[in-house]
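Thanks, everyone. I would like to go through one model this morning, beginning with its ligand and then moving to the packing behind that site.

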Amino acid sequence: MNGERRRSGGVARTGPPRWLKPALFAAALIPFGYLAVGLLADGLGANPVETITHVSGEWALRLLLLTLLVTPLRRATGLTWLVRLRRMLGLFAFFYVVVHFTTYALLDAGLDLAYVVEDVLDRPYITVGFVTLCALVPLAATSTDAMIRRLGGARWRRLHRLAYFAGAGAVLHFLWLAFSKSDLREPLIYFAILVVLLVARLPAVAARLGRLAPRRVAAPARADPPPPSPAKRQAAR
Ligand code: HEM
């Protein structure tokens, strides 16, 4: 997965292959398409609500972990443009969380606020899911260039460390649920991935990953218009 080298004004620049972002966008919509078509065609099995909760929850978690993978992968490969895919992955994770929660609130709880509040307070895995959802809201809300500029790169990055908390919350939510069903196999795989991603952030490990990156010819920061603002470049670190 190598970035394309393009020439612009006589200067070679690196960026993601042009097809990558639209392809990733389309791929991230596949689970939603599956649910939408299945719902319309009555093809989501005997319990459509369970299927939607299951598919949206799993994809929210997968996309969240993929978002967390971007920084270590960028360090290990030296492909700085990978960071430009992170926002899209994160927003899709949030999108699936919203689908997940809406399904629960609308179809499980029948929009009964008192029921939802009681559930959040009474069932620990729902409590954890709710806290995780709350952690994801400020991340989604501050994902725009304008918010990055407003907060400043350092504060924005500090806030966005919440993504690791959200990742841990999502895995715990799944583990707790699976524990009650006595089948921990799948959530334990996500747990292991999360641990690897957290370890990869430790300064010593991050430095080692950085040394794996092939040395590249120095190139100006960005390829595609519009060029990133200083705040966005700071946020990309
Ligand atoms: C208020 C917030 C949330 C509520 C009310 C909620 C509710 C639920 C419910 C009712 C289930 C299905 C339980 C069952 O099968 O018996 C579930 C499963 C799941 N949820 Fe959540 N959830 C919330 C937040 C989240 C978040 C933030 C994530 C991930 C980022 C997530 C990921 C998952 C996963 C992976 C499953 C297991 C899916 C499966 O394989 O069955 N949930 N959640």
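**Ligand shell, helix α5 and core**

The largest share of the shell around the ligand, 7 residues, comes from α2, where helices are DSSP runs of H or I with at least four residues, numbered from the N terminus. Please keep in mind that this is a predicted model, in which local features need pLDDT of at least 70 and side-chain atom pairs count only at pLDDT 80 or more, while totals for chains, interfaces and linings use all residues. Residues are numbered from 1 along each chain as its sequence is written.

In total, 20 residues surround the ligand, and the closest are Gly57, Ala60, Gly129, Phe130 and Ala170; a residue is near the molecule if its C-beta atom, placed from the backbone, lies within 6 Å of it. At least two shell residues each come from α2 (48–77), α3, α5 and α8.

Turning to α5, this helix covers residues 124–141, and its buried residues (20 or more other C-beta atoms within 10 Å of their own) include Gly129 and Phe130. The buried residues of α5 pack against α3 (83–108), α4 (113–122) and α8 (162–180), with contact taken as C-beta atoms, placed from the backbone, within 7 Å.

Finally, the largest nonpolar core, a set of buried Ala, Val, Leu, Ile, Met, Phe, Trp, Tyr and Cys residues joined through C-beta atoms within 7 Å, has 28 residues, and Ala60, Leu64 and Ala170 are among those that touch the most other members. The largest share of this core, 9 residues, comes from α2.

Technical notes:
Expected span 1.5 Å × (residues − 1). Buried ≥ 20, exposed ≤ 12 C-beta atoms within 10 Å, placed from the backbone. Contact = placed C-beta atoms within 7 Å.
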